[in-house]
Amino acid sequence: GGLESPLFYRGWKLTKLEFVVSANALEAMKDDGRAVLILGANQQAGTVGSGEKVFLNYLYNHFNVVDNFEVSGELYAAQGAQWPVRVVVIDGRKANPTKKKLATDTVSHLKSWNEVYNKISEVHDAIATRRDSLESDKRRDVVDPDTSGGEGNLSIQPGDVPVVERG
């Protein structure tokens with residue numbers, strides 16, 4: 001629910017208790033950790049309220065948000081509630097947080113379990129692609145000390161003849 005008065009978290013004005021709890025929980029996440037936040041969404045399908053937007057801007061500026069979408073409350077009406085939920089998928093923490101307005105005014109509003117399944121498949125693929133790209137970048141940064149003289153810079157040029165010293 002809403003807070004009696006907004007709480008400032010790292011300079012961001014949070015207006016709902018679930019935002020404060022989520023932000024605190026994300027503090028425990030490893031830099032390369034993953035998280036899925038399931039939050040109450042705005043009653044007006046697909047829209048992002050001003051209080052939500054501040055929290056989403058915090059997330060987009062501090063974490064790698066892979067996706068942000070809504071699921072219709074009608075999908076789980078049998079459990080006794082029909083309030084739509086916002087799903088925010090995070091894949092790691094940003095190395096250099098910023099403070100920009102990155103959240104949009106609208107998000108996808110999924111109305112069927114088939115749409116949810118397809119969205120989750122897209123998110124899974126996006127995370128795998130992102131992780132593969134990060135691993136590829138790490139492999140490019142690895143230096144073979146046998147060919148670089150242990151200095152971290154490869155000094156062999158095309159046409160160079162290696163010299164083998166014998167002791």
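Tutor: We begin with a scale that is used throughout: a residue is buried when its relative accessible area is under 20%, exposed when this is over 50%, and partly exposed in between (1.4 Å probe, protein chains only). The structure above is a predicted model, in which local features need a pLDDT of at least 70 and side-chain atom pairs count only at pLDDT 80 or more, while totals for chains, interfaces and linings use all residues. Residues are numbered from 1 along each chain as its sequence is written, and side-chain values use heavy atoms, with hydrogens and water left out.

Student: Why does Lys-53 count as partly exposed?

Tutor: The relative accessibility of Lys-53 is 22%, and this value lies between the two limits, so Lys-53 is called partly exposed. By contrast, Arg-10 has 55%, which is over the upper limit, and therefore counts as exposed. Arg-10 sits in the loop between β1 (2–9) and β2 (12–16), and it has a positive phi of about 50 degrees although it is not a glycine. Over the whole chain of 167 residues, buried residues make up 35%.

Student: What makes up the secondary structure of the chain?

Tutor: The chain has four helices and six strands, and they follow the pattern β-β-α-β-α-β-β-β-α-α along the sequence. These elements are DSSP runs, helices being H or I with at least four residues and strands E with at least two, numbered from the N terminus.

Student: Why are α1 and α2 described as roughly parallel or antiparallel?

Tutor: Helix α1 (residues 17–27) and helix α2 (residues 50–62) pack at about 5 degrees, with their axes 11 Å apart. The axes are lines fitted to C-alpha atoms over the stretch in contact, and angles run from 0 to 180 degrees between N-to-C directions. Angles under 35 degrees count as roughly parallel, over 145 as roughly antiparallel, 65 to 115 as roughly perpendicular and the rest as oblique. The angle of α1 and α2 falls in the range given for roughly parallel, and therefore we use that name.

Student: Which residues of α1 meet α2?

Tutor: On the α1 side they are Phe-19, Ser-22, Ala-23, Leu-26 and Glu-27, and on the α2 side Gly-51, Glu-52, Phe-55, Tyr-58 and Leu-59, where contact means heavy atoms within 4.5 Å. By class, this contact of α1 with α2 has six nonpolar, two polar and two charged residues.

Student: What makes Glu-52 and Arg-86 a salt bridge?

Tutor: A salt bridge is a side-chain nitrogen of Lys or Arg within 4 Å of a carboxyl oxygen of Asp or Glu. In Glu-52 and Arg-86 the closest N and O atoms are 2.8 Å apart, so the pair meets the definition. Glu-52 lies in helix α2 and Arg-86 in strand β5, so the pair ties together parts that are 34 residues apart in sequence. Glu-52 and Arg-86 are both buried. A search of the whole structure finds ten salt bridges.

Student: How do you know that the side chains of Asp-105 and Lys-53 meet in a salt bridge?

Tutor: Their N to O distance is 1.9 Å, which is inside the limit, and therefore the pair qualifies. This pair links Asp-105 in the loop between β5 and β6 with Lys-53 in helix α2, 52 residues apart. Leaving out residues up to four places away in sequence, Asp-105 touches Gly-46, Thr-47, Val-48 and Lys-53.

Student: Why does Asp-91 count as buried?

Tutor: Asp-91 has 0% relative accessibility, under the lower limit, so it is buried. Salt bridges that share partners join Arg-34, Asp-91, Arg-130 and Arg-131 into one network.

Student: How many contacts does the model have for residues 162–167 beyond four places in sequence?

Tutor: It has zero there, and the pLDDT of residues 162–167 stays under 50. This score is the predictor's confidence in each residue, from 0 to 100. Where pLDDT is low, the predicted coordinates should not be read in detail. For the chain, the mean pLDDT is 83, and 81% of the residues reach 70 or more. Residues 147–158 have a pLDDT below 50, with nine contacts in the model beyond near neighbours in sequence.

Notes: Nonpolar A, V, L, I, M, F, W, Y, C, P; charged D, E, K, R; others polar.
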